[in-house]
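Let's take a walk through this structure together, from the overall picture down to individual side chains. Keep the viewer open so you can click along.

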Amino acid sequence: MHPRNAWQALPARGYLLSAWPWRALAYLMTGAVAGALTLAVITVAVVLAGALAVVLVGLPLLVLTALVGIPVARLERHRLRLVDRAPAPPRPVRQPYATGPWPWLITRLRERATWRELGHALLFALLLWPLDALVVVFALALPLHLAATPLVMAAYGDGEEAKVLKLWTVTTWPAASGVAVLGLLLLALGGYALGLAAGARAELARVLVAAPREGDPEARVVELTRSRVRLVDAFEAERRRIERDLHDGAQQRLVALTMALGLARLDAPPGPLADQLAKAHGEAGRALEELRELIHGIHPKVLADYGLPAAVADAADRSAVPVDVDLELPGRLPRAVEAAAYFVVREALANVGRHSGATRAEVTGGHRDGRLVLRVRDDGRGGADAAAGSGLTGLADRVSVLDGRLALSSPPGGPTLLSVEIPCEWTDRCA
């Protein structure tokens, strides 16, 4: 069985004659070079940020410096292949809420991986690369210097003497040969030291910059979160398709049927046939109204065309209880967030009309600190309980799919306050 990483290669026979010591050496040497460059870049960026702080340019530069860990981590994932054949999984990438450099920057700064990679870059620049260099010096450079003592004595000492590590002088060939043998023994031990140091460095780097391995609980949580978002998007797309098909298909045919029954009713002579046509015309009209209400409930056109504030105002107008609306948003929200927020408000207002005994309700909210905040309040009798089998549990589940929170305060005697918070960013998309 071929070893997959430096740890597995160390106890194997023939380790010193394999490629693993060379791979470990390459990993540590490139780490020393990359770490020194990272330290230089971070130092220059911080100094420039401090010098330019007086002209308000330093702060943006300092913010950009926080992203230095991203390219350093990407380089580290490539370097890990030198001592670990298993590729390091890339970081989970969260798509920005809109196009452009600013949404991309905000998204990256809100990712936990960005700050973990920044911590790795600082550790790499301040501590790890000097350790890499020291290991290479003591495991390779010093043993090679000892092993080359006879050559140094012959080339520079005219066969009379040679300096060993600038600490002592060798004046005889037997002594020089003994130092060379010691150097070869230390070089063999250094090969194992290189593998040990490279393996430890690789494990630390994988913990800091690599995404969890497949099968880890954290990896499953990340994948479940991604699949949940995909399901929400697919659900909203299917909802809009059904609404479009009903509006353009069944509703138009029902309108045509209603018109045909109306014309037939006008042409029919008075009698039983006219009465039956009048009854059929009335039923068709009521069916058309019910279909329109159904289409409006699936995905109201006002929500798709004008956004959440207009849709909430429309729901308030349809409410059985007078509703005051104070909802201000800076722009359009993601479609899934708009749909979830609208249906929460609509269901909450429906519950107010059916169960609360309220004389007035209000819907307030806005976009604050990257979150959509909604409050639905009524002056009813209170006593609402989400655990009593009401639709509030379904509303909480719908909000939680988007990583949101729903809270209910409904003491006996009222008032009832339903609070919803959904993390999101506004977009500049058009309807």
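## A walk through the fold

The accessible surface of the protein chain comes to about 24,200 Å², and carbon and sulfur atoms own 65% of that. Keep in mind that this is a predicted model. The chain has 431 residues, of which 38% count as buried. As for secondary structure, you'll find 14 helices and 7 strands. If you take the contacts with a separation of 6 or more, 70% of them involve residues 24 or more positions apart.

Now for the inside. The largest nonpolar core has 37 residues, and the members that touch the most others are Leu308 and Leu372. Several elements supply at least two residues each to this core: the helices α12 (308–318), α13 (335–356) and α14 (392–400), plus the strands β3 (323–328), β4 (361–368), β5 (371–378) and β7 (416–423). Helix α13 gives the most, with 12 residues. There's also a second, separate core of 16 residues, and Ala24, Tyr27, Ala139 and Ala198 are among them.

Click on Leu308 next. Setting aside neighbours within four places in sequence, Leu308 is in contact with Leu303, Leu327, Leu329, Leu333, Glu338, Ala341, Tyr342 and Leu372. One name in that list carries a charge partner: Glu338 forms a salt bridge with Arg332, with the closest N and O atoms 2.8 Å apart. Is that pair buried or exposed? Arg332 counts as buried because its relative accessibility is 11%, under the 20% cut-off. Glu338 counts as buried too, at 4% relative accessibility.

On to the strands. β4 and β5 run antiparallel and are joined by 8 bridges. They make a hairpin with 2 residues between them, and Asp369 in the turn has a positive phi of about 55 degrees. Along this pairing, Glu362 stands opposite Arg377 in β5. On to β7: β5 and β7 also pair in the antiparallel sense, over 8 bridges.

Leu374 is a handy residue for seeing how these pieces meet. Leu374 lies in strand β5, and its bridge partner in β7 is Val420. Leu374 counts as buried because its relative accessibility is 2% and the cut-off is 20%. What does Leu374 contact, leaving aside neighbours within four places in sequence? The answer is Leu327, Ala341, Val345, Thr364, Gly365, Leu418, Ser419 and Val420. You can also check the C-alpha atoms of Leu374 and Leu406: they are separated by 9.5 Å, with the two residues 32 apart along the chain.

Let's turn to the charges. The whole structure holds 11 salt bridges. One of them belongs to β5 and β7: Arg375 pairs with Glu421, the closest N and O atoms being 3.8 Å apart. Arg375 lies in strand β5 and Glu421 in strand β7, so this pair ties together parts that are 46 residues apart in sequence. Arg375 is partly exposed, with a relative accessible area of 26%, while Glu421 is buried at 19%. Both residues belong to a network of salt bridges that links Arg371, Arg375, Arg405 and Glu421.

For a salt bridge within a single helix, look at Arg318 and Asp314, whose side chains meet at 3.1 Å, N to O. Both lie in helix α12, 4 residues apart, which is about one turn of the helix. Arg318 counts as partly exposed at 46% relative accessibility, and Asp314 is partly exposed as well, with a relative accessible area of 21%.

Finally, swing round to the surface. Which residues form a nonpolar patch there? They are Leu122, Leu126, Leu127, Leu131, Leu134, Val137 and Phe138, with about 650 Å² of accessible area together. Leu126 is found in helix α6, which covers residues 112–147. Leu126 is exposed because its relative accessible area is 61%, over the 50% cut-off.

Key. Residues numbered from 1 in each chain as written. Predicted model: local features only at pLDDT ≥ 70, side-chain atom pairs only at ≥ 80, totals over all residues. Heavy atoms only, no water. Buried < 20%, exposed > 50% of the residue type's maximum accessible area, 1.4 Å probe, protein only. Contact = heavy atoms within 4.5 Å. Areas by Shrake-Rupley, 256 points an atom, 1.4 Å probe, with all protein chains shown as cover. Core = buried A, V, L, I, M, F, W, Y, C linked by side-chain atoms within 4.5 Å. Patch = residues over 30% accessible without salt bridge, like charges linked within 9 Å, V, L, I, M, F, W, Y side chains within 5 Å. Salt bridge = Lys/Arg side-chain N within 4 Å of Asp/Glu carboxyl O. Pairing = 2+ DSSP bridges.
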